[in-house]
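What follows is a guided reading of one protein model, meant to be taken with the sequence and the coordinates side by side. We begin with its pockets, move on to a helix, and end with the charged pairs.

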Amino acid sequence: MRYQEFKILTEAFKGREYNHVEDLVTVDGSAGAMKAADILDGMGSDAGDVAIKWDGNPTFFWGREPDGTFVCVGKNGWGKRKSSSAEDLSNFILNTGKEESWRPAFAADMKAIFNLMKSATPPNFRGYAYGDLLYTPNKPFNSTEDTVVFTPNKVTYTVTKKSELGQRIAASQVGVVAHTIYETFGSKDSTPIKDVSIFNNKDVVVLGQTYVTHQPNVDTKQTDAIRKKAGASGKVIDQFLAPQKGLSDMKNIIYSYVNHMTRTQQLKNIESGFFDWISTSKVSANKQAKIKAMHEASPKALPSIFGLIKTIMTVKDNIIDQLDSADADVKATTKGEKGGEGYVAQKSKVKLVPRTRWQPN
């Protein structure tokens with residue numbers, strides 16, 4: 001069973017649309033590791049659904065009410081304030097919160113895009129779109145003879161003007177990467193955007209999924225190693241991760257630990273740093289004692305879990321490096337080094353993020 005469309009829904013990760021491919025070990029134990037191996041193998045034969053993970057900022061919502069009124073709000077206004085004019089939106093951003101330093105720039109950006117987004121939103125559209133800004137009149141792209149360049153957050157994107165996308169961007173004022181659609185203002189239920197073309201005009205470029213065109217090679221020896229490790233240690237891994245009385249959130253604890261090691265750039269020590277981390281974490285003393293007792297009873301479980309995660313990361317990073325190095329219309333760099341936030345695989349609902357260089361906020 002290879003490269004199928006896996007629906008990953010567990011208590012520990014409910015509500016997370018895309019999981020890191022290596023987190024499938026934490027999500028589904030040994031079965032998750034097998035899934036990860038299948039997904040990575042599949043990318044070696046068909047990467048047609050792998051898309052750039054855009055690093056836009058800030059997040060906002062725009063759309064039309066049932067009567068056609070255009071409304072645009074920042075993330076902080078969703079479900080709170082239906083701003084139907086540029087002035088109202090700017091004033092709401094400036095006069096809420098605690099006078100944070102980012103508010104004036106955010107208010108200016110949103111004021112500048114309001115009427116542009118209004119003109120690009122069809123009069124007969126109803127509902128709301130959700131997305132991230134890539135560039136605005138206040139934070140425009142840089143244009144050279146051959147490229148357009150913009151840095152919405154941490155990643156710098158360089159788009160060749162030889163491409164259709166580069167030509168569209170060069171003629172526009174606002175760039176947005178759109179994600180989902182909501183039927184009503186303030187709703188928490190969304191669906192993926194299937195067609196972003198309806199929101200595009202000369203001044204506004206709204207992007208959906210931007211797919212890669214390079215087919216990476218995958219070392220099947222490495223994916224076979226994932227399967228062998230998962231097969232040999234599956235029972236102890238699954239027992240260790242299973243909810244128990246007084247410890248129903250072992251998966252979340254492991255997930256938090258991996259995020260911590262990513263954030264602090266200690267992934268090379270992931271197999272040995274768990275108990276140092278947990279001793280200073282928010283995990284209760286009772287849970288810590290239970291985890292230590294479990295480890296003493298099954299000493300191979302944690303090393304097997306972290307070993308699988310590390311092996312999956314190795315295969316994933318190889319794929320990312322190939323995609324980052326390939327010739328493409330869009331090139332991403334972070335702090336001057338090639339590569340951006342990574343990629344997403346639509347069918348399998350996983351993301352490939354280079355966690356050795358990309359730390360979570």
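In this predicted model, the largest pocket encloses a volume of about 1,800 Å³. Its lining is made up of 50 residues, and those closest to the centre of the pocket are Glu 17, Lys 53, Tyr 130, Asp 132 and His 179. Several secondary-structure elements give two or more residues to this lining, namely the strands β3 (59-64), β5 (127-135), β9 (174-182) and β10 (190-192), together with the helix α6. Strand β9 gives the most to the lining of the largest pocket, with five residues. Sorted by class, the lining of the largest pocket holds 20 nonpolar, 17 polar and 13 charged residues.

The second largest pocket contains about 500 Å³ of space. It is lined by 31 residues, and nearest its centre lie Ile 52, Thr 210, Tyr 211, Ala 328 and Val 330. Here at least two lining residues come from each of α4 (164-170), β11 (204-207), α9 and β12 (330-334). In the lining of the second largest pocket, 14 residues are nonpolar, nine are polar and eight are charged.

Helix α6, already met in the lining of the largest pocket, deserves a look of its own. It runs over residues 250-263, 14 residues in total, and spans 20 Å from its first C-alpha to its last, which is close to the 20 Å expected at 1.5 Å a residue. The buried residues of α6 are Met 250, Ile 253, Ile 254, Tyr 255, Tyr 257, Val 258, Asn 259, Met 261 and Thr 262. Among the elements that cover these buried residues are α1, α5, α7 (274-279), α8 (285-297) and α9 (301-325). After α6 comes Gln 265, with a positive phi near 55°.

Turning to charged side chains, a search of the whole structure finds 17 salt bridges. In one of them, Asp 23 pairs with Arg 355, with the closest N and O atoms 3.7 Å apart. Because Asp 23 sits in the loop between β1 (19-20) and α1 (24-43), whereas Arg 355 belongs to the segment after β15 (350-352), the pair ties together parts that are 332 residues apart in sequence. Are the two partners buried or exposed? Asp 23 is buried, at 0% relative accessibility, and Arg 355 is buried as well, with a relative accessible area of 2%.

A salt bridge of a more local kind in sequence can be followed within α5 (residues 220-241), where Arg 227 and Asp 224 lie three residues apart, about one turn of the helix. The closest N and O atoms of Arg 227 and Asp 224 are 3.2 Å apart. Arg 227 counts as buried at 15% relative accessibility, because the cut-off for buried is under 20%, while Asp 224, at 34%, counts as partly exposed. Elsewhere, salt bridges that share partners join Glu 22, Asp 23, Lys 316, Asp 317 and Arg 355 into one network.

A further pair is formed by Glu 100 and Arg 103, whose side chains meet in a salt bridge at 2.5 Å, N to O. Glu 100 is partly exposed, with a relative accessible area of 27%, whereas Arg 103 counts as buried at 5%.

Methods: Residues numbered from 1 in each chain as written. Predicted model: local features only at pLDDT ≥ 70, side-chain atom pairs only at ≥ 80, totals over all residues. Heavy atoms only, no water. Salt bridge = Lys/Arg side-chain N within 4 Å of Asp/Glu carboxyl O. Helix = DSSP H or I, 4+ residues; strand = E, 2+ residues; numbered from the N terminus. Buried < 20%, exposed > 50% of the residue type's maximum accessible area, 1.4 Å probe, protein only. Expected span 1.5 Å × (residues − 1). Contact = heavy atoms within 4.5 Å. 1 Å grid on protein atoms, 1.4 Å probe; cavity = no way out; pocket = protein on both sides within 12 Å on 5 of 7 lines; lining within 4 Å. Points joined across faces, edges and corners; volume = space filled by probe spheres on them. Nonpolar A, V, L, I, M, F, W, Y, C, P; charged D, E, K, R; others polar.
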